[in-house]
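Open the model in your viewer and follow the stops below. Salt bridges come before a pocket.

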Amino acid sequence: MPSSDQPATRAPERCDLAIVGGGIVGLAVARELARRNPDASICVLERESQLGTHQTDHNSGVIHAGVYYAPGSLKARLCVEGARELYEYCEAHDITHEHCGKVIIATDRSELARLDELERRAKANGVPGLRRLDAEGIRELEPHAQGIAGLHSPQTGIVDFLAVARSYAHDILETGASIATDCEVQSIRTGERALLLSHTHGATEAGNAIFCAGAWADRLAVKAGANADPRIVPFRGAYLQLSAERRDLVRSLIYPVPDPSLPFLGVHLTKHIDGEVLIGPTALMVGARDAYRLTTVRRRDLLDTLAWPGTWRMLARWWRTGVSELRHAALRSAFVHAAARYVPELRVEDVQVAFAGVRAQALARDGRLVDDFVFSHTERALHVRNAPSPAATSSLAIARHVADEAERTFELSG
Ligand SMILES: Cc1cc2nc3c(=O)[nH]c(=O)nc-3n(C[C@H](O)[C@H](O)[C@H](O)COP(=O)(O)OP(=O)(O)OC[C@H]3O[C@@H](n4cnc5c(N)ncnc54)[C@H](O)[C@@H]3O)c2cc1C
């Protein structure tokens, strides 16, 4: 795969299919289509010098089992299928992963109805092995945690999604398809027989294209002629980590009962595949689509967010949550306090700053935070318009879904 020790591949002048975006979703889609169409010329065009630089490398690393998602939604189906396929893929490709299981904890009676609803959803979605817990059951699994009731999902696990994405890239190159990095697609023109993608290497005439550009998905879709709705609004997710001596406070994954009307799962404590224990992420609307530092603000990103009517509608509804997220971002003690609801022994002295990711969250014009995955079409092109969590877990199933759609829509020649 492209890395510092390998010369970068130039983007081809012509190809049958271009995949724009070399994150885990774009790479999974390219891999699936390259395997199905060995005679077609397929290339991946990635803006950064390395693959998977953005969300793929800045997340909780959790293989979700499908507990949360509304039955019948794309997320529900593609997460359950995707998790199963991802475990098989990791086994087959020797990628380190662990079925460590997860506990979702209710700490007071007001959360019990939501916990019931999660149990109902998980069962409807076919999540394997789900079990209800009482206070004693919680302590058996997580001796330092406390709660009055919980759910245990033994099939939830952990992996390094960047390692998975790199392995997909390896598979792609093995099929003979190409991957060009440092290649930002800047404009899209629809011709009679092809799309002309202008980029930093020059231009590629592509029979068809699939755009999997994460936080920049809306901009490319609009350039290809799509509606501006939904817009991507960046939500920064910062993590703390436990100091090495306190990692024994958490055995596997401890999650709160989330608010079902928000697409975020709340501050959780998660063992990472490298042995660290993460606490987070926060969910703070920020001024740049790559705001890995809180102080990074990009004029265009900020204007796009502020000029979007959905932003103001969302803020009118969720301002209280916004204020609480701001406190978590600004005050480490408030952040730790939120996690200590589940692990009371946790102290501010036990944690240090880890890293932050930026969620590419689609926001509808009417102010709705779009919960489900969204895919759409323009002429000769498909667009992944909303692929937030659990899209990394679901990447292989999303790839099948998009490839089926591509086969229905495009004539992929060889
Ligand atoms: C804080 C956080 C925690 C998360 N936790 C989990 C989790 O535990 N489990 C899980 O399943 N999911 C999780 N997710 C979600 C998951 O990380 C994402 O859903 C997934 O990585 C999306 O992959 P992607 O390929 O769509 O996006 P990305 O990885 O962001 O890739 C998009 C790519 O497109 C490229 N690109 C953009 N514009 C252009 C252009 N013009 N030309 C060429 N290339 C372009 C970008 O450089 C980038 O490499 C989390 C996300 C965040 C932020």
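The count comes to 29 salt bridges, each a side-chain nitrogen of Lys or Arg within 4 Å of a carboxyl oxygen of Asp or Glu. This is a predicted model: local features need pLDDT of at least 70, side-chain atom pairs count only at pLDDT 80 or more, and totals for chains, interfaces and linings use all residues. Residues are numbered from 1 along each chain as its sequence is written, and side-chain values use heavy atoms, leaving out hydrogens and water.

Select arginine 120 and glutamate 117. Their closest N and O atoms are 3.0 Å apart, in a salt bridge. Both residues sit in helix α3 (residues 112-125), 3 residues apart, about one turn of the helix. (Helices, H or I of at least four residues, and strands, E of at least two, are DSSP runs numbered from the N terminus.)

Next, arginine 132 and glutamate 119. Their side chains form a salt bridge at 2.8 Å, N to O. The pair links distant parts of the chain: arginine 132 is in strand β6 (residues 131-134) and glutamate 119 in helix α3, 13 residues apart.

Go to aspartate 301. Its salt bridge to arginine 289 has closest N and O atoms 3.9 Å apart. Salt bridges that share partners join Asp218, Arg219, Arg289, Asp301 and Asp304 into one network. Aspartate 301 and arginine 289 are both buried (under 20% relative accessible area; exposed is over 50%, partly exposed in between; 1.4 Å probe, protein chains only).

Last, select α8 (309-330). The largest share of the lining of the second largest pocket, 11 residues, comes from α8. A pocket here is an open set of points on a 1 Å grid over the protein atoms alone, where a 1.4 Å probe fits, with protein on both sides within 12 Å along at least five of seven lines; lining residues have an atom within 4 Å of a point.
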